[in-house]
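Visitor: I work with computed structures all day, and I like to know what stands behind each label. Could you take me through this one, label by label?

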Amino acid sequence: MLDILNKKNTYIDMSKEVPFVKFRSFDKYEDMLIAGFSTRLGGVSKGHLSSLNLSFNRGDDREAVLENHKRFANALGYPYENTVFSTQVHKTRIKSVTMEDAGKGIIKENDIIDTDGLITNVKNLPIMTFYADCIPLFFYDPRNEVIGMAHSGWRGTVQDIAFHMVDKFKELYNTDPADIIAAVGPGICKDCYEVDINCADNFIKKYNDEELKRIVFYKKEDKFNLDLKEACRINLLHCGIKKENITVAEYCTYHNSELFFSHRATNGMRGNLAGVMCLKG
């Protein structure tokens, strides 16, 4: 069990009522930053949504989801009522949010639509994105005190949502990419992520031969395996983020479906995980 909980780059904090994934690279910034990724444990949802489903659009009871959010927020220490969501559509739009957006998606109607990335420099304003195999990307500029979160499925990865996020950091806050601490969160691993030639071809066209050796793996006939985490790591490097400032989580949501919701492992019968970041006030 300890081998499952403790990895080189990440670990599951079991000290609270609700376990969650932490990144060792962010630990030294704990006085300034909250950053974590949920498991499926510690909530009140039932059946295939059990137990910490954090999405209101999976057919769950609203009060159960709200209680799950309260528990998750209490474990990490951020104000749940300020949490900002967006409607994710596997594209690359990044939205800068302010305290005027606090609570959108959780206690207020959400008008942040068609958006897969959130960025802010406002303290006590948690930003949250949702997952069930896709790759969460965490961004932190400690010099300018800016955070960003991006949802990177295969489309977002090929369209390079990481570039769009870093570009927004530079545009809005004059961030030097070399200052960014980035993390590639838990998601489906290459051994579990099989795709067809049409999907794989998008990656073949985007990456060079050396990069493709680490991203696309021929399996059989027109089937391939994709390493989305490695593709995201390469995208972050292309943005100018230093190699030593990039952490890749070891957890596979499919392999560890007892700990995480996985769309593929359950044929879509699942809840949603969430990544969250918040600057401490």
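**Labels and their reasons**

Guide: Let's start with a pair of side chains: E145 forms a salt bridge with K123, and their closest N and O atoms are 3.9 Å apart. Please keep in mind that this is a predicted model.

Visitor: What makes the contact of E145 and K123 a salt bridge?

Guide: The cut-off for a Lys or Arg nitrogen and an Asp or Glu carboxyl oxygen is 4 Å. The closest N and O atoms of E145 and K123 are 3.9 Å apart, so the pair is within 4 Å and counts as a salt bridge.

Visitor: Where in the chain do these two partners sit?

Guide: E145 is in the loop between β7 (135-141) and β8 (146-152), and K123 is in the loop between β5 (117-120) and β6. With their positions 22 residues apart, the pair links distant parts of the chain.

Visitor: Why is E145 called partly exposed?

Guide: Its relative accessible area is 28%, and partly exposed is the class between the buried limit of 20% and the exposed limit of 50%. K123, with 38%, is therefore partly exposed as well.

Visitor: How many salt bridges does a search of the whole structure find?

Guide: It finds 14. Among them is the one between E17 and R71, with 3.6 Å between the closest N and O atoms. E17 lies in the loop between β1 and β2, R71 lies in helix α3, and they are 54 residues apart, so this pair also links distant parts of the chain.

Visitor: What makes E17, E67 and R71 a network?

Guide: They are linked by salt bridges, and R71 takes part in two pairings. One is with E17, at 3.6 Å; the other is with E67, at 3.0 Å. Both distances are within 4 Å, so both pairs qualify. E67 and R71 are 4 residues apart in helix α3, which means that about one helical turn separates them.

Visitor: How do you know which of the three count as exposed or partly exposed?

Guide: E17 has 55% relative accessibility and is exposed, because exposed begins over 50%. R71, at 22%, is partly exposed, and E67, at 30%, is partly exposed too.

Visitor: Which elements does helix α3 lie across?

Guide: Helix α3 (residues 62-76) lies across β2, β3 (33-38), β6 and β14 (273-279), and runs at about 135° to β3.

Visitor: What is the order of strands in the sheet?

Guide: The order is β1-β2-β3-β14-β6, an open sheet of 5 strands with antiparallel pairing.

Visitor: Why are β1 and β6 called edge strands?

Guide: Each of them, β1 (10-13) and β6 (127-131), pairs on one side only. From one strand to the next, the twist averages 25°.

Visitor: How do you know that β1 and β2 are paired?

Guide: At least two bridges are needed for a pairing. β1 and β2 (residues 20-23) have 4 bridges in the antiparallel sense, so they pass. Y11 stands opposite K22 in β2.

Visitor: Why is T10 called buried?

Guide: T10, in strand β1, has 0% relative accessibility, and buried means under 20%. The residues it touches include V21, F23, A249 and Y251, leaving aside those up to four places away in sequence. The side chains of T10 and E250 are joined by a polar contact of 2.6 Å, which fits the limit of 3.5 Å.

Visitor: What makes the backbone at D133 and E221 worth a look?

Guide: D133 is not a glycine, yet its phi is positive, at about 140°. It sits in the loop between β6 and β7 and is buried, with 8% relative accessibility. E221, also not a glycine, has a positive phi near 45°. It is found in the loop between β11 (216-220) and β12 (223-226), and at 68% relative accessibility it is exposed.

Visitor: Which residues does a cis peptide bond join?

Guide: S50 and S51, with omega at about -10°. S51 lies in the loop between β3 and α3.

Notes
Residues are numbered from 1 along each chain as its sequence is written. This is a predicted model: local features need pLDDT of at least 70, side-chain atom pairs count only at pLDDT 80 or more; totals for chains, interfaces and linings use all residues. Side-chain values use heavy atoms; hydrogens and water are left out. Helices (H or I, at least four residues) and strands (E, at least two) are DSSP runs, numbered from the N terminus. Axes are lines fitted to C-alpha atoms, for helices over the stretch in contact, and angles run from 0 to 180 degrees between N-to-C directions. Contact means heavy atoms within 4.5 Å. Buried means under 20% relative accessible area, exposed over 50%, partly exposed in between (1.4 Å probe, protein chains only). A polar contact is a pair of N or O atoms within 3.5 Å; within protein, one must be able to donate a hydrogen and the other to accept it, and residues adjacent in sequence count only if both atoms are side-chain atoms.
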